[in-house]
Amino acid sequence: PSREEYLRDFPQFSDQVSAVYLQFGGDAFATAAAKKDGTVRRRGHQPGDHIGHFELRDVLGSGAMGSVWKAWDPRLQRPVAIKIPRAENLSDDEKHRFLREGRSVAQLRHPNLAAVHEVDRDGDTPYIASEFVDGENLRDYCERSNLAVT
């Protein structure tokens with residue numbers, strides 16, 4: 001739904017809708033118009049979509065800058081984590097910086113770091129494919145352990 005539809009249908013949440021709009025802008029809401037045949041182009045990625053040769057399976061987390069997906073690497077027959085920024089909100093310089101940072105992280109080797117397998121673009125969308133580590137996410141661990149997230 002669009003921002004206006006949220007405000008119309010849920011006036012009791014107008015403060016929250018306004019806060020989301022102030023923080024993330026119009027991209028936080030659906031803005032795709034229907035085509036003449038009545039279909040609507042979906043925004044964002046969906047399970048089953050592909051980034052590079054990877055098949056997206058489940059969203060592991062998302063935030064203002066993008067999302068991380070559990071994906072399947074059919075070439076090596078293994079799960080991976082794919083980090084995808086919200087490319088439509090990034091300038092060309094920001095996309096280059098994202099890829100450069102991914103290549104830098106790929107040089108790191110440590111048993112407590114997930115290995116980066118691939119840094120690339122799929123069309124205009126940059127992505128980083130890394131080792132999938134099954135387990136509790138950092139936010140949940142910090143909450144459970146009473147650690148502050150800063």
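1. A salt bridge is a side-chain nitrogen of Lys or Arg within 4 Å of a carboxyl oxygen of Asp or Glu. That cut-off is needed for a point about Glu118, taken up below. The structure discussed in this note is a predicted model.

2. Overall make-up. The protein has four helices and six strands. Read from the N terminus, the elements come in the order α-α-β-β-β-β-α-β-β-α. Of the 150 residues in the protein, 23% are buried. The protein exposes about 10,700 Å², and carbon and sulfur atoms supply 50% of that area. Taking contacts between residues at least 6 apart in sequence, 34% join residues at least 24 apart.

3. Glu118. This residue lies in strand β5, which covers residues 116–122. Glu118 is buried and yet has no salt bridge. Why does Glu118 have no salt bridge to Arg75? The nearest side chain of opposite charge, Arg75, is 5.2 Å away, and a salt bridge has to fall within 4 Å, so the pair does not qualify.

4. Surroundings of Glu118. Which side chain makes a polar contact with the side chain of Glu118? The partner is Tyr127, at 2.5 Å. Leaving out residues up to four places away in sequence, Glu118 touches His53, Phe54, Tyr127, Ile128 and Ala129. Tyr127 thus appears both in this list of touching residues and as the polar partner of Glu118.

5. Tyr127. This residue is found in strand β6, residues 125–131. The polar contact therefore joins a residue of β5 to a residue of β6, with the 2.5 Å distance lying inside the 3.5 Å limit for such a contact. Is Tyr127 buried or exposed? Its relative accessibility is 1%, so Tyr127 counts as buried. Tyr127 and Val68 are 59 residues apart in sequence, while their C-alpha atoms are 9.6 Å apart in space.

6. Salt bridges. How many salt bridges does the structure hold? There are five. One of them links Arg57 and Glu55, with the closest N and O atoms 3.5 Å apart. Arg57 counts as partly exposed because its relative accessibility is 36%. Glu55 is partly exposed too, with a relative accessible area of 25%.

7. A salt bridge inside a helix. The side chains of Glu101 and Arg97 meet in a salt bridge of 3.8 Å, N to O. Where do Glu101 and Arg97 lie? Both are in helix α3 (residues 92–106), four residues apart, which is about one turn of the helix. At 45% relative accessibility, Glu101 counts as partly exposed. Arg97, at 41%, also counts as partly exposed.

8. A salt-bridge network. The side chains of Arg121 and Asp124 form a salt bridge with an N to O distance of 3.9 Å. Salt bridges that share partners join Lys95, Arg121 and Asp124 into one network. Arg121 has 27% relative accessibility and so counts as partly exposed. Asp124 is partly exposed as well, with a relative accessible area of 44%.

9. Backbone angles. Most residues other than glycine have a negative phi. Gln77 is not a glycine, but has a positive phi of about 55 degrees. Gln77 is found in the loop between β3 (66–73) and β4 (78–85). With 52% relative accessibility, Gln77 counts as exposed. Asn146 is likewise not a glycine, and has a positive phi of about 60 degrees. Asn146 is found in the segment after α4 (138–144). Its relative accessible area is 70%, so Asn146 is exposed.

10. A nonpolar surface patch. Which residues form a nonpolar patch on the surface? They are Tyr6, Phe10 and Phe13, with about 270 Å² of accessible area together. Tyr6 is found in helix α1, which runs over residues 3–9. At 30% relative accessibility, Tyr6 counts as partly exposed.

Definitions and conventions: Residues numbered from 1 in each chain as written. Predicted model: local features only at pLDDT ≥ 70, side-chain atom pairs only at ≥ 80, totals over all residues. Heavy atoms only, no water. Patch = residues over 30% accessible without salt bridge, like charges linked within 9 Å, V, L, I, M, F, W, Y side chains within 5 Å. Areas by Shrake-Rupley, 256 points an atom, 1.4 Å probe, with all protein chains shown as cover. Helix = DSSP H or I, 4+ residues; strand = E, 2+ residues; numbered from the N terminus. Buried < 20%, exposed > 50% of the residue type's maximum accessible area, 1.4 Å probe, protein only. Lys, Arg positive; Asp, Glu negative; His and termini not counted. Polar contact = N/O pair within 3.5 Å; in protein donor to acceptor, adjacent residues only side chain to side chain. Contact = heavy atoms within 4.5 Å.
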